[in-house]
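Please look through the structure below with an eye to its aromatic side chains and to the interior around them. The paragraphs that follow take these topics in turn.

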Amino acid sequence: MPRKGMRSLCFSPETPLFLGKREAMHFIRSVNDLRKIMHFLVSGQDSGSENLIRAQRLMQIAMKRLQKEFYQILSMNRAHLDPESVSTRSSRTSTQSSLSDYDYDASPDYEIGAAKESISEVEEVSFMAMSDLKSIADCMIGSGYAKECVQIYNMIRKSIINEGIYKLGIEKVSSSKINKMEWDVQNLKIKDWLEAMKISMRTLFTGERILCDFVFSSSDSIRESCFSEITKEGAVLLFEFPEVVAKVKKSSPERIFRLLGMYTAISDNWPEIETIFSFESISAVRFQALNSMARLSESVRLLLLDFESMIQKDSSKTTVPGGGIHPLTIYSMNYLTALGDYGNILTDIISDWPPPAISSLPEISFYSPVSNESPAAPISDRISGLILVLLCKLDSKAKYYKDVAVSYLFLANNLQCVISRIHKSNLHSLLSKEWITKHEVKVNRLATSYERKFSIRFEDAYWKQISCVVPNSMLRDQIKVSIGRKLVAVYQNFFDSHKSTIGDEKSITLFVRFYPEDVGNYLSDLFIRTLTSGGGSS
């Protein structure tokens, strides 16, 4: 066998071997030749020969040199092998193709030149470092030194991942510590986690998986064990946080939106989670992500029940002047419309949650059942049930008005507010058209009831006041203007707001007795009856 390959293993220990590509390729080729020689000597039953012993010593020297080179490349190129850079490069098909096709036995100048054309100058260092690592790993694994290669790789790459996790603010947090946190502090922690989740999935773990797969492409078992060893601890820590937060006992209904945000982050990234952490040895990461989603789902359901309970327990007896919009309506619809933005996520969470039993709901005409044939029936039932609880509470508050007409106006205004907010938000896609139409009809009926009460009261008041006189024209005009300002303007606003709910002009004529201008005309007839003889202006 030729001895040229052995002579090529002599090198200057001060000069990094992979600074010169040609020298590095010759060294790798010589090691491969040496391995072939050793196989030849062993197969020739010459295991105790001087040549084999010398070859073994040379192989040990070569492996130590490659270990040193492997360590130096990993250490000196930390910035060029950071997960973000690697994951960014992975999007370039041409780069990946060039990397995977790299062959030290092929024409080096041609291969490197073609790769350079597909990447920027900034990426060139990273590209070459990855290629060097792969060639060394292939050589060491093929020569029986996989353990030494893996130890160096795991040590350096795990420190990079742990450093990345630390910089993202991910740390071990206990349930008791979270429970003691003020909401503002806890809220900031959740916001930091959401950002960390985005970066981790986009760059940190994705980049590491790409690098690990490439460097150890020659061995499936090694690339799995390396990736698992490097990322498992940090990934479990990342996905553990939502579960810990979801266990918090003290909470307000508004907290639901942060929990939904975390659920969304995991759900949206689930395909990537399954792909990146696909190895069986790292299944704990997938299980932790699923556990967190399950715990978040449970907490979201409990907070929805808390929101419902909060509405039911509202005991305020203060009436809104003029039958206006109640603060409870404003708060509840702000809450529900915000929930509507998480429609798809809520559908997942509520899909296997039994709908509220109709028998347990108050029997009032506001309730409109939703068809169970709809694909979104569970979420529709839940949202309509929460709105029903609100309407029931408003119905009870309407009874605090001494004037029945104003109570109808109060109910009409608040139900119209509910429907308007539904139309202007994603809630309209979560509730059936049948439900919305039925409640629009209810607004019409309430408005008509107010109109009738108003007509009766107005007509009665008119006939009582028609006999009154105000001889002084200045005082008479002053009184009329004052009454008109208070009555006509308010009625005009009400008429304009609700005439669309009644229907066309023909329907308005059937239900509305007094138009705003009619009220003005009636007022103009007041206080001007002919004075009796002997009377005079005062």
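**Aromatic contacts and the interior**

Leaving aside residues up to four places away in sequence, Y153 touches F70, L74, K158, E208, L211, C212, V215, F216, C226 and I230. This is a predicted model, and within it Y153 belongs to the largest nonpolar core, a set of 127 residues in which F70, Y153, F205, F216 and F277 are those with the most contacts inside the core. Two of the residues that Y153 touches, F70 and F216, are thus named again among the residues with the most contacts in that core.

How many aromatic pairs does a search of the whole structure find? The search finds 13 of them. In one of these pairs, the ring centres of W193 and F241 are 6.4 Å apart and the planes meet at 25°, so the pair counts as stacked, given that planes under 30 degrees apart fall into that class. Because W193 lies in helix α10, residues 183–215, and F241 in helix α11, residues 220–246, the pair ties together parts that are 48 residues apart in sequence. W193 and F241 are both buried.

A second pair is formed by F227 and F277, whose ring centres lie 5.9 Å apart with the planes at 40°, so this pair is described as tilted. Here too distant parts of the chain are linked, since F227 is in helix α11 while F277 is in the loop between α13 (270–276) and α14 (283–313), 50 residues away. Both F227 and F277 are buried, and together with F205, F239 and F279 they form one aromatic cluster. Two members of this cluster, F205 and F277, are also among the residues with the most contacts inside the largest nonpolar core.

Charged side chains meet aromatic rings as well. The charged end of R209 sits over the ring of F227, at 5.6 Å from the ring centre, so F227, with its place in the cluster, also has a charge over its ring, the cut-off for the distance being within 6 Å. K134, in turn, lies over the face of F214, 5.7 Å from the centre of that ring.

Where, finally, is there enclosed space? The search of the whole structure finds one cavity of 30 Å³ or more, and the largest cavity has a volume of about 80 Å³. Its lining consists of G169, I170, E171, V173, K189, D192, W193 and F241, and the largest share of that lining, three residues, comes from α10. The stacked rings of W193 and F241 therefore belong to residues that also line this cavity.

Definitions and conventions:
Residues numbered from 1 in each chain as written. Predicted model: local features only at pLDDT ≥ 70, side-chain atom pairs only at ≥ 80, totals over all residues. Heavy atoms only, no water. Phe/Tyr/Trp six-rings, centres within 6.5 Å; stacked < 30°, edge-to-face > 60°. Helix = DSSP H or I, 4+ residues; strand = E, 2+ residues; numbered from the N terminus. Buried < 20%, exposed > 50% of the residue type's maximum accessible area, 1.4 Å probe, protein only. Lys NZ or Arg CZ within 6 Å of the ring centre and 35° of its normal. Core = buried A, V, L, I, M, F, W, Y, C linked by side-chain atoms within 4.5 Å. Contact = heavy atoms within 4.5 Å. 1 Å grid on protein atoms, 1.4 Å probe; cavity = no way out; pocket = protein on both sides within 12 Å on 5 of 7 lines; lining within 4 Å. Points joined across faces, edges and corners; volume = space filled by probe spheres on them.
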